[in-house]
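Q: Please take a close look at the backbone in one part of this model, the loops with unusual torsion angles, and then carry on into what lies around them. A connected walk through would suit me better than a list.

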Amino acid sequence: MNEWHAKFPALADTEGGTLKLAPPPSEAAIPVATYRMQFNKQFNFTEATRYLSYLRRLGISHCYASPFLKARPGSSHGYDIVDHNTINPEIGSREDFERFVAELRKNGMGLIMDVVPNHVGIMGNNNEWWLDVLENGQTSAYASFFDIDWHPGNRALQNKILVPVLGGPYGDILEQHELKLFFDVFKGEFAIDYHQHCFPVDPQTYPFILNSQHEALKKTFAADDPVFLEYQTLENSFSKLPQRTETTEEKKEERNRDKEVFKKHLARLCADNPPVLRHIEARLDEINRSVGESSELHALLEQQVYRLAYWRVAGDEINYRRFFDVNDLAGVRVEDEQVFDATHRFILSLIAERKIQGLRIDHADGLYDPVAYYQRLCRKLSEALGIEPPPSTPPVYVVAEKIVANYEYLSSDWAIHGTTGYEYANAVNGVFIDSRAEPVLTRCYGQFIKERKDFGEVVYQAKKFVIATLLASELTVLANQLNRIAQASYKTRDYTLNALRQALTEVVACFPVYRTYINSEPPSKKDGQYIHWAVQCGRQRSRAADKTVFDFIRSVLLLEPNPMVASRDLLRFVMKLQQYTAPVMAKGYEDTALYEYHRLVSLNEVGGDPGCFGTSVNAFHHINQERLRKWPHSLLSLSTHDSKHSADVRAKLNVLSEMPRPWQEAVIRWHKLNRPHRSKARKKHITRNDEYLFYQVLIGTWPLAALTDPELERYRERIRNYMIKAIREAKQETSWVNPDEAYEQAVDDFVCRCLDVKTRSPFLTDFVHFEKQIRKPGLLNALAQTVLHLTSPGVPDLYQGSELWQFTLVDPDNRRPIDFHRHERILDEMEALLAESDGDRGPLIDALLGTMDDGRIKLFTVTLTLRFRLRHSALFQQGEYIKISVRGRHADHCLAYARKIPDDFAVIVVPRLTASLFNAGFDPPFQGFWDNTWLELPPDAPTDYREWFSRRKMAATPAEDHLQLRVRDVFNAFPFAILSAP
């Protein structure tokens, strides 16, 4: 009996029927399998609680929850947190959360929480930290929480924060009276209102509003009236508050204490004396009615900590660190222990109370020093659980959201259990791509769009565009820092700011990974290699007359000693640059290039490389073995909330690599059929590149059931929304920043005409016929990668709803509500059928194979594989990974490996590249095709096996130096196999 069975004996008894209850896992337990749930006001704790028993019956050990701390109202994702110490009321109360946790425990399950340490949601009127900084500037108790450059190059922004929130130029907004000064009479506070946004007024500028010398006030009160004197005294008190640029603790405390006292005094004065309130209301009206550059409202705004600006200026002048280019997500300085404690206090209390058993850390590459962050987190987790001394590995399950390039290795000094699994999703996806089709599909794509695109060049140009537009202000700050370093030495002072900026642009655009991780120590060997690569490529691409500037940049990035510059200044620059290369890569690669290059869009995935056409079977085995050796408990994902296309969409699209010439003929034919659907002469029409994307999107997402007119209309709406998002992200013909309405209308018209409910165009008829050729091999791909996903080294994570077919696109499409009631009903029916057919599952399997479109076959595959993993958890958490060679005539169509511990052994076998099998007239499980193909098992492997899905027995036979198992026996009933020794 393995470790899991010892803890949870009831779960060990299942043979595919209903699972019994089990005690909850301990906080240190490695999950068997996780299930990602997306919480928001439509799907809250109460809803989720109803379906936890369903997840347990699937074989899930941990619910993996999206962020559920208080976010901005209406947030659909929860990453715009405004209060780290409160549960989001839209998701539920603390009592709702407690009931959710109690139900998890009742079902023997744990909880993994998505944590957002890098940034918070601002704007609006919900983030008290941010509002306090806007009110008090550097004197705010929270000023150090944010990454704000109080002394930027623009002198107009000295000691100010640029807030790019306005929908138009500042002057226009002011003249249109969209900015309104208002007074909270109960709090005694003034603020500027702009639609849903609230900007507090600096209390030291209240006298400008109160204006005790106003003629109207003098007419109301006599000069010696006690109320008037009190009013004057209070006005004077506000004016004498410490300046908002004071940073000593004494002055901070004085201002923060006194301003609240004075506000309460003002509120009381207004409540007790209606004439005072009427005067203030009159002043508000007077100020709000003023217009022009000499207006009082403009004069008041000029005195504030913030400078309100048109949102378009953010890319050039913003002086606070953001999450990528999102103005209303501000970076926080979690490297400061005070900030860490403030943002993690509640989370750590939930850990201490055993309410949470794991953490997923969002956007690790945005942190100033990820290594130090994880070490501190490990220490704080240990303290919360009373563990001394702190271990090197976190005492609860911790994974990092981190994109790792296929030539990059995650450093072992990260105190985590692994990543969230983007790299696995791309590796397993590549197994089902026929790499032999690369030349044909490359030629097909180039000929169709009448242009030859190189993905590396697309990425480089996209990153250059992002640097020059969306993230230009951050580069300005870095260039100024680098310039100060250069000016400190007589050897480098001739490098101009412009030359440094241009060279730095090239280096960042050529950076081969998201970032390096240099901190107090000298650069590691691999970080040094990335820097050398970036500098060398930047030098080659640069048109600068003097390229020695690149040598200077290399020396700075490698922290080479400079007698004229303090080492801390070099380090500070390098660490800030590391925080910059990551968003440039994200926006340039993930959010631009992947939407521009469409050779085969199943490769265009987060963490993927469209330039790398597929994964060989041997490479897949190597990747699995390396993960088992270095990060055995890393999360494994196929679909996530960040996916560009769900796993099932990619599985269908991969079939195109098996039939590239029919695909080429089809897109040429469709282009001709759809000629009438393109906008007429002298009007903009959809580009060939976007048209090529559109056809692939249809292939990947086309519903499996016949569509009624209303269903087709809803599907068309989804595709319309996706195409507009995709072309804006590509930033070729239109963009989010500068939308081209004419082009977007042309694309929308094209989509609507191609998918017209009324006409059912010739294109649609032809497309549906072609899609049916893709469908079955695509669904088999999806099932095969599911089996691999649930049995590979690591912890498999299922994205909500993916236990049935899920053909979704990038958010918000992949965040649509899941009908868990329907899923639960199908599982009920499945369990009843399993109970009836436990002796012979042949008829059940035949029925599932005959009705693949309804999704039951996927639920069957997911559920039984997860339950096998539960029964054999030690095998999958601790077992060796053994590559199984496939020999014979059709070896290329099969992938196999074994998992092994001393008292357990299992073999996993799946088919691949099956389109040719269907074309040859075979149907799953392809009996007759597998003749003369066999598996070579290790000589010490067991001889007798039972196949888990079909329950059929088989035996291996001795060969020269191994045991041999015929593939036709393995796939006798079902085209996927998990073989277990009795």
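A: Happy to. Helices (H or I, at least four residues) and strands (E, at least two) are DSSP runs, numbered from the N terminus. The model is a predicted one, in which local features need pLDDT of at least 70 and side-chain atom pairs 80 or more, while totals for chains, interfaces and linings use all residues. Residues are numbered from 1 along each chain as its sequence is written, and side-chain values use heavy atoms, without hydrogens or water.

Let's start with Pro389, in the loop that runs between helix 15 (370-385) and strand 15 (397-400). The peptide bond leading from Glu388 into Pro389 is cis, and its omega is near -10°. A second cis bond turns up between Pro924 and Pro925, where omega is about 5°. Pro925 also sits in a loop, in this case between helix 35 (915-919) and strand 22 (933-937). Most peptide bonds are trans, and most residues other than glycine have a negative phi.

Phi brings us to two further places to inspect. Met123 is not a glycine, yet its phi is positive, at about 60°. You will find Met123 in the loop between strand 6 (119-121) and helix 5 (128-136). With a relative accessible area of 7%, Met123 is buried (buried means under 20%, exposed over 50% and partly exposed in between, with a 1.4 Å probe and protein chains only). Asn159 likewise has a positive phi, near 60°, without being a glycine. The loop holding Asn159 connects helix 5 with strand 7 (161-166). Asn159 has a relative accessible area of 23% and is therefore partly exposed.

Another loop residue to look at is Lys547, placed between helix 21 (525-541) and helix 22 (548-557). Lys547 is partly exposed, at 28% relative accessible area. Once neighbours within four places in sequence are set aside, Lys547 is in contact (heavy atoms within 4.5 Å) with Arg539, Gln540 and Ser542. If you want a distance to check in your viewer, try Lys547 to Arg452: the C-alpha atoms are 30 Å apart, and the two residues are separated by 95 positions in sequence.

His893 makes a good comparison, as a loop residue between strand 19 (880-888) and strand 20 (894-901). Its relative accessibility is 14%, so His893 counts as buried. What does His893 contact, beyond its neighbours within four places in sequence? The list is Val910, Pro911, Arg912, Leu913, Ser916, Leu917, Phe929 and Trp930.

Val910 and Pro911 lead us into the strands, as strand 21 covers residues 904-911. Strand 21 pairs with strand 27 in the antiparallel sense over four bridges (strands pair if DSSP finds at least two bridges between them). Within this pair, Val909 has Ala977 of strand 27 as its bridge partner. Strand 27 is also joined to strand 23 (residues 944-947), again antiparallel, by two bridges. There, Glu947 stands opposite Leu979 of strand 27. Strand 27 itself spans residues 977-980 and is covered on both faces, with Ala977 and Leu979 buried on one side and Ile978 and Ser980 buried on the other.

Elsewhere, an open sheet of three strands, in the order 8-9-10, is paired antiparallel. Strand 8 (180-184) and strand 10 (197-200) are its edges; each has a single partner strand, so one side of each has no neighbour in the sheet. On average, neighbouring strands here are turned by 35° against each other, direction ignored. Strand 9 (residues 189-194) and strand 10 run antiparallel and are joined by four bridges. One of the pairings sets Ala191 against Pro200 in strand 10.

To finish, here is a helix pair. The axes of helix 27 (residues 688-701) and helix 28 (residues 709-730) come within 11 Å and cross at roughly 140° (axes are lines fitted to C-alpha atoms, for helices over the stretch in contact, with angles from 0 to 180 degrees between N-to-C directions). From helix 27, Asp690, Leu693, Phe694, Val697, Leu698 and Thr701 meet Tyr715, Ile719, Tyr722, Met723, Ala726 and Ile727 of helix 28. This set of contact residues comprises 10 nonpolar, one polar and one charged (Ala, Val, Leu, Ile, Met, Phe, Trp, Tyr, Cys and Pro count as nonpolar, Asp, Glu, Lys and Arg as charged, and the others, Gly among them, as polar).
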